[in-house]
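Dear colleague,

I am handing over the structure below, and after it I set out what was found around the ligand and at one residue of the protein.

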Amino acid sequence: MNDDKDQHAFSAVTNWRSDRRRFLQTSLLGGLTGLASSHGLSPFAWATDNANPDAARLAADPNRPQYHFLPAANWMNDPNGTIFHDGLFHMFYQYNPHGGFWGTMHWGHATSRDLLHWQHQPVAMAPSPGGPDKDGVFSGSAGIHNGVPTLIYTGVNPEVQCLATSIDGFKTWQKYPANPIIAGPPKDLTVTGFRDPCVWQEGGVWYMVVGTGFRKIGGAALIYRSSDLRKWEYLHPFCSGTWSGTPAENPVDSGEMWECPDFFELDGKHVFLYSTRGKVFYNVGTYKNHRFAKETEGQLDFGSYYAPKSVLDPRGRRILWGWIPETRPLAEHKAAGWAGSMSLPRVLRVGPDNRLRITPLPELEQLRVKNAGVIEGLCGELTLNLIPAKDAVIELKNEAAPKAYARIQYSAVKQELSCNEFSAPLALEKSEPLQLRLFVDGSVLELFANDRVCITARVYGSKANPLLLSAPQDGRSNLWLGNLQPVSSDRLTS
Ligand code: DQQ
């Protein structure tokens, strides 16, 4: 892929990473906690206060999505602990209750019955002053052990693995008094990081993979085993990769550290996901003797998308959400009072070529209002199949604006698909049409092409004027262009 274009996806994710470094260096958490106490609030109560004094302003912000999930205000990043239990989907996510910028990581929480509409729940976890997660409750996953909902996450600083349980049906969470459950990486390994546990159960035994890596070698995951989610035995490296070869201060920037591993069985194969260098990669392969051997690899999204997490739904579908980072400067999203959105739920399958197939959740069609030939208010969908001649340009454009809101281009010669500033390789089979589904939601654009390429982009400051289609007439089929029903009456998603 073109390095320049690659850089866009990369910088979206690196912006917040430097915030994180600055934050930890200046011990801002200590300062904020002090501020809370001086206002007569316990740090915990203050940190979990969900009041939203900016609700009116946020509700009127046309950049805010209307059918993607996002918190009612403030910063969010990675999806965490996605789980289906007792008829409800639970979505946890990295959340900063103090504004539209990364810091003081909490776990936000929301629930859904249908994967379209979400109910905000009280913040699930905040950093505990003096505890192993005093500098942040970082990413992780969820499991049900002996009927008890359990969250497994990374506490910082240093990076250790921790546990919390709920005895009131996911409402409140009690941190395990003997945290951390894993106090650090194996003693004989010098690693670049140790975070983002992903747990699963096999024949009554729990397994956990943790993201890690080695300098000048590459990112990796380590596997552990437990009978009770509390006492863990380290087994061995689970899988590993190669770094970019270009040294970087932060090992995530060079591929020497893998973040947010996710691992599951799918269509008779096994799939491993990890995030590094501002991108999300997938491997399809074989799982044997608690080691994973990759057979194919690919990129899950070629735009602004990171740190995804999946769930198995009651119909046996593997559903994935990723974090859609901002691509605008920190000062702008800080001033806006919110940052980040969750992607739409994506259904994963393994194709006959042993590569991932990625499609939007079919239920999204329930939100379709009318095939009106226009999208009003930046809240809609375009579906279009085309037999592209050599080059095809498809635009969604407001007549009054000089620049298209979305410009999709397919080059048959380069076998490349682009959407605004991002591009992805896409080789079409002979006589295979280009099959596009584009979701428009405020500043969020999500493009799915031929079940195998996704590009997520951000477009800020567009006026909510009608968006019209400009596309080649020849070989068109399956056209649907119109509005989708917002899932929230006020852009606050509840
Ligand atoms: N985000 C979390 C980390 C994870 C990173 C911190 C990935 O646990 O490695 O907010 O976006």
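The ligand is surrounded by 14 residues, a residue being counted if one of its heavy atoms lies within 4 Å of the ligand, and the closest are Asp78, Gln94, Arg195, Asp196 and Glu259. This is a predicted model, in which local features need pLDDT of at least 70 and side-chain atom pairs count only at pLDDT 80 or more, while totals for chains, interfaces and linings use all residues. Residues are numbered from 1 along each chain as its sequence is written, and side-chain values use heavy atoms, with hydrogens and water left out.

Three polar groups of the protein deserve a look, each given as a distance between N or O atoms (cut-off 3.5 Å). A ligand nitrogen is 2.7 Å from the side chain of Asp78, a ligand oxygen is 2.8 Å from that of Arg195, and a ligand oxygen is 2.5 Å from that of Asp196. Of the 310 Å² of accessible area that the ligand has on its own, the protein covers 100% (Shrake-Rupley method, 1.4 Å probe).

At least two shell residues come from each of helix H1 (3-25) and strands E1 (74-85), E5 (137-145), E9 (195-202) and E13 (259-266), where helices are DSSP runs of at least four residues and strands of at least two.

Turning to Thr212, this residue lies in strand E10 (205-214) and is buried, with a relative accessible area of 0% (buried means under 20%, with a 1.4 Å probe and protein chains only). The Thr212 side chain reaches the backbone oxygen of Gly193 at 2.7 Å.

Best regards

Technical notes:
Buried means under 20% relative accessible area, exposed over 50%, partly exposed in between (1.4 Å probe, protein chains only). A polar contact is a pair of N or O atoms within 3.5 Å; within protein, one must be able to donate a hydrogen and the other to accept it, and residues adjacent in sequence count only if both atoms are side-chain atoms.
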